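Colleague: Please take a close look at the pocket region of this chain. Then follow the side-chain contacts outward from there, and finish with the enclosed space.

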Amino acid sequence: MKWSKLKKRVEENFADSVKGRIEIFTTAYRRQDEISRTWMVIDGKEKVSFTDCASWRNLRAYFHELTPTNCLRHRKIDESERQEDSLFEPGEFSSYDFKIMAFESLNTSAHNCLSSEHPILRCLGVLHQKTGKTRVKAMREDKHPLVAFLAEFRYMAECS
């Protein structure tokens, strides 16, 4: 599926309270061996950026161990290794990870996204329009800081 269609379909699933406030983008650097970057803009500021280059440089693989692929994958980051006040570790997710999981989210219920082991799928589940306020509130305590951050953002958007 082309990125423009994937982006449109994923963003259409966002809850009304965050639609237009959160946007996802991607680009490929064609002169640099097709290295790509995917980022998330929240209220006009880039908050999340997944690059293939950082994944390779820091973890020697483009894919997170939970991403469904037969390619070389790196292990997930242990909670004890996390930097404080960081939404994700450099290289923890690549642009490839995000695109694969975004596509996966289109074929998965919001409930199953939230129960997934994969943090990107849980992020998309938190933003999904079918996820209720009570579940979003509970997800603010998620063990992955990016999921917890997006749940807090959505919860505050729902309350205002």
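Modeller: One definition first: Ala, Val, Leu, Ile, Met, Phe, Trp, Tyr, Cys and Pro count as nonpolar, Asp, Glu, Lys and Arg as charged, and the others, Gly among them, as polar. Keep in mind that this is a predicted model. On that scheme, the lining of the largest pocket has eight charged residues, three polar and three nonpolar. The volume of this largest pocket is about 180 Å³. It is lined by 14 residues, and those closest to its centre are K76, E79, E117, P119 and K143. Apply the classes to these five: K76, E79, E117 and K143 are charged, and P119 is nonpolar.

E79 leads out of the pocket. It joins R82 and E92 in a network of salt bridges. Inside that network, R82 and E92 pair at 2.8 Å, N to O. Both partners sit in the loop between β5 (73–74) and α3 (95–106), so their salt bridge ties together parts ten residues apart in sequence. R82 is buried, and E92 is buried too.

Now the wider charge pattern. Side chains of opposite charge can pair when their charged atoms come close. The model has eleven salt bridges. Two more of them deserve a check. D16 and K19 make one, with 3.7 Å between the closest N and O atoms. The cut-off is 4 Å, so this pair qualifies. D16 is exposed, because its relative accessible area is 64% and the limit is over 50%. K19 has 36% and is partly exposed. E46 and R37 make another, at 3.1 Å, N to O. E46 is partly exposed, with a relative accessible area of 44%. R37 is at 17%; buried means under 20%, so R37 counts as buried.

R37 also has an aromatic contact. Its charged end sits over the ring of W39, 4.0 Å from the ring centre. That brings in the ring pairs. A pair of aromatic rings is described by the distance of the centres and the angle of the planes. Seven aromatic pairs turn up in a search of the whole structure. W39 belongs to one with F25: the centres are 5.6 Å apart and the planes at 20°, so this pair is stacked. F25 is in strand β1 (residues 22–29) and W39 in strand β2 (residues 35–42), and the pair links parts of the chain 14 residues apart. F25 is partly exposed at 26% relative accessibility. W39 is buried at 17%.

A second ring pair has another geometry. F50 and F93 are edge-to-face, at 5.4 Å centre to centre with 70° between the planes. F50 lies in strand β3 (residues 45–51) and F93 in the loop between β5 and α3, so this contact ties together parts 43 residues apart in sequence. F50 is buried at 3% relative accessibility. F93 is buried at 1%. F50 and F93 also belong to a cluster, where ring pairs link them with F88 and F98.

Back to F25 for one more contact. K7 lies over the face of its ring, 4.3 Å from the ring centre.

Last, the enclosed space. Rolling a probe the size of a water molecule over the atoms shows where empty space is left. There are three cavities of 30 Å³ or more. The largest has a volume of about 70 Å³. Its lining holds six nonpolar residues, five polar and no charged ones. V10, N13, F14, C113 and H128 are among the lining residues. α5 (119–127) and α3 each supply at least two residues of this lining. α5 gives the largest share, three residues. So what classes line the two spaces? Eight charged residues line the largest pocket, whereas the largest cavity has no charged residue in its lining.

One distance for orientation. A157, in helix α7 (residues 145–159), is buried with a relative accessible area of 10%. Its C-alpha atom is 29 Å from that of G91, 66 residues away along the chain.

Note on methods: Residues numbered from 1 in each chain as written. Predicted model: local features only at pLDDT ≥ 70, side-chain atom pairs only at ≥ 80, totals over all residues. Heavy atoms only, no water. Salt bridge = Lys/Arg side-chain N within 4 Å of Asp/Glu carboxyl O. Buried < 20%, exposed > 50% of the residue type's maximum accessible area, 1.4 Å probe, protein only. Helix = DSSP H or I, 4+ residues; strand = E, 2+ residues; numbered from the N terminus. 1 Å grid on protein atoms, 1.4 Å probe; cavity = no way out; pocket = protein on both sides within 12 Å on 5 of 7 lines; lining within 4 Å. Points joined across faces, edges and corners; volume = space filled by probe spheres on them. Phe/Tyr/Trp six-rings, centres within 6.5 Å; stacked < 30°, edge-to-face > 60°. Lys NZ or Arg CZ within 6 Å of the ring centre and 35° of its normal.
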